[in-house]
Amino acid sequence: MYDLPPDLDRLRTLETWLTLTLDRVRQQIKEVEQRQQRPAPEPPPTPPRTPDWGIVQAGIGTPTTEIHRGDCWAAGKTLQPITAERARAELGDGAKPCDACRPDRPLGMPPPQP
């Protein structure tokens, strides 16, 4: 098997080393078992989906109701999500398409008349 030292001092040293090593292995086993018993962490919440279309109602800073694409940088924080059908209806009723994102083009609406 293994050749062990013949003298007592080295045998005691080996015994101490093996005891310490066994203690470390047992501690590691305990930590791994505890990790396996814990439930997996929940994934981070997904950010809200960017709407395809939005409306900014007339008010302070916005003289007329405007329609925007959902990812428009000019929409501001008051953008309310709407459906494509409502965006078309609002544009047909006189809402102004945003000059930056031009939502009337992908919606198939005729360009606004000056």
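These are my notebook entries on one protein chain.

**Entry 1: the model**

I noted at the start that this is a predicted model. I kept that in mind for each entry below.

**Entry 2: helices and strands**

I looked up the secondary structure next. The protein chain has two helices and four strands. I read the order from the N terminus and wrote down α-β-β-β-α-β.

**Entry 3: overall shape**

How spread out is the protein chain? I found a radius of gyration of 35 Å. The globule rule gives 13 Å for 114 residues, so the chain is more spread out than a compact globule. I then looked up the spans along the principal axes. The C-alpha trace covers about 105 × 30 × 20 Å.

**Entry 4: a pair of residues**

I picked leucine 18 and isoleucine 82. They sit 64 residues apart along the chain. Their C-alpha atoms are separated by 70 Å. Leucine 18 belongs to helix α1, which covers residues 8-37. Is leucine 18 buried, exposed or partly exposed? Its relative accessibility is 46%, so I entered leucine 18 as partly exposed.

**Entry 5: surface and contacts**

I asked what share of the 114 residues counts as buried. The value is 22%. The chain exposes about 9,500 Å². Carbon and sulfur atoms supply 56% of that area. I also looked up contacts between residues at least 6 apart in sequence. Of these, 42% join residues at least 24 apart.

**Entry 6: charges**

I looked up the charges of the protein chain. There are 15 positive and 16 negative ones. The mean positions of the two sets are 3 Å apart.

**Entry 7: cysteines**

How many disulfides does a search of the whole structure find? The search finds zero. I wanted to know why cysteine 98 has no such bond to cysteine 72. The closest cysteine sulfur to that of cysteine 98 is in cysteine 72, at 3.7 Å, and that is too far for a bond. The cut-off for a disulfide is 2.5 Å between the sulfur atoms. Cysteine 101 is in no disulfide either. Its nearest cysteine sulfur, also that of cysteine 72, is 3.7 Å away.

I checked accessibility too. Cysteine 98 has a relative accessible area of 4%, so it is buried. Cysteine 101 has 12%, so cysteine 101 is buried as well. The cut-off for buried is under 20%.

**Entry 8: a backbone angle**

I ended with arginine 102. It lies in the segment after β4, the strand at 96-97. Its phi is positive, about 45°, although arginine 102 is not a glycine.

Notes. Residues numbered from 1 in each chain as written. Predicted model: local features only at pLDDT ≥ 70, side-chain atom pairs only at ≥ 80, totals over all residues. Heavy atoms only, no water. Buried < 20%, exposed > 50% of the residue type's maximum accessible area, 1.4 Å probe, protein only. Rg over C-alpha atoms; globule rule 2.2 N^0.38 Å. Contact = heavy atoms within 4.5 Å. Areas by Shrake-Rupley, 256 points an atom, 1.4 Å probe, with all protein chains shown as cover. Lys, Arg positive; Asp, Glu negative; His and termini not counted. Charge placed at Lys NZ, Arg CZ, Asp CG, Glu CD.
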